[in-house]
Amino acid sequence: MVIRDLSQSGPSNRGGSYVTDYSHQRMPSGGHRLTVTGPEDAIKQVMLTDHSYTRSGVFINVHHLDGAGPAPTAGTSALLELLRGAVIVPCGDSVDFAIALDWYNKIVDDKLGPHTDLADLVHRAKYWYRADPERQRVLGLAIAEEITEFVAHHPLLKDVDAIASVPGHDAKVASFGARLAATVARDRGGVPIVRCESLQAFRAPAKTIPPADRAAALEGQFRCPVDISGQHVLIVDDVYTSGATAEETARALRAAGATAVACLAAVRTMKSG
């Protein structure tokens, strides 16, 4: 199931962008040159997928990589195809890369338009159906299915050791994002779920803090209560805004021993923070 309408892809801007093209050619050496048009973090994912690649040049957002063998591996090709239809978003230093499956809004006549299909599900689940657990559950399962399908095809995410949830602003209430992460972990065959914690029982919701102040407000506020030494961990959340919450969660995971941390959210707000 693919809820997002790839023909309605939002704009590439400083808040996120796509792989728009890729191709390869055989080299006299027996290897190949891969050319990718897209953001730097797409190239990072390619090089993490296939360590044989070396950079041979870049002009603006057109990257040239030299790799082993006559053509990209199946994993590299699958990755690049996925990144044509997902938003690669900016992230902090503790996150290896971050992806959102779609934008929160469509752009209509160069203006902010209605929610994308996936964002409509997220919005209704988070806000409309808070008092209706069954409707919220159904919507949550549909969103989790979309994330689970993406994870299953991403060569760096399909075999993660654990899935982590972002601490909610109220420790007494399981946030929608945390429940979404737990569902994805279950649907991925019982991948262990790591529930990071906030040092405060209650904190202001991130969306109420000005974007420029979020990183400072959240710094040092999260902890991971379990030892995850050497593990590759995926943070799953519903909405990606400034990236400050994901970055602080990743810091906590790395402090607990994680060696690789990526973030995957259902939707990305149109503002880049």
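Four exercises with worked solutions follow.

The model is predicted: local features need pLDDT of at least 70, side-chain atom pairs count only at pLDDT 80 or more, and totals for chains, interfaces and linings use all residues. Residues are numbered from 1 along each chain as its sequence is written, and side-chain values use heavy atoms, with hydrogens and water left out.

**Exercise 1. Trace the open sheet and find its edge strands.**

Step 1. Use DSSP runs, numbered from the N terminus: helices are H or I with at least four residues, strands are E with at least two. Two strands pair if DSSP finds at least two bridges between them.
Step 2. Read the order of the six strands: β5-β6-β14-β13-β9-β10. The pairing is mixed.
Step 3. Look for strands that pair on one side only: these are β5 (87-89) and β10 (193-195).
Step 4. Check the β10 end. β9 (residues 162-165) runs parallel to β10, joined by three bridges. Ala-164 stands opposite Val-194 of β10.

**Exercise 2. Describe how α1 packs on α2.**

Step 1. Take axes as lines fitted to C-alpha atoms, for helices over the stretch in contact; angles run from 0 to 180 degrees between N-to-C directions.
Step 2. For α1 (40-49) and α2 (residues 74-83), the angle is about 160 degrees and the axes are 9 Å apart.
Step 3. Classify the angle: under 35 degrees is roughly parallel, over 145 roughly antiparallel, 65 to 115 roughly perpendicular, the rest oblique. α1 is therefore roughly antiparallel to α2.
Step 4. List the contact residues (heavy atoms within 4.5 Å). α1 gives Ala-42, Gln-45, Val-46 and Thr-49; α2 gives Gly-75, Thr-76, Leu-79, Leu-80 and Leu-83.

**Exercise 3. Repeat the analysis for α4 and α5.**

Step 1. α4 (residues 133-153) and α5 (residues 176-187) pack at about 55 degrees, with axes 9 Å apart.
Step 2. That angle makes α4 oblique to α5.
Step 3. Pick out the contact residues. Among them are Gly-140, Ala-144 and Ile-147 of α4, and Phe-176, Leu-180 and Val-184 of α5.

**Exercise 4. Locate the partners of the salt bridge of Asp-96.**

Step 1. Apply the criterion: a side-chain nitrogen of Lys or Arg within 4 Å of a carboxyl oxygen of Asp or Glu. The structure holds 13 salt bridges.
Step 2. Asp-96 pairs with Arg-254, the closest N and O atoms being 3.0 Å apart.
Step 3. Place both ends. Asp-96 lies in the loop between β5 and β6, and Arg-254 in helix α7 (residues 244-255). The two are 158 residues apart, so the pair links distant parts of the chain.
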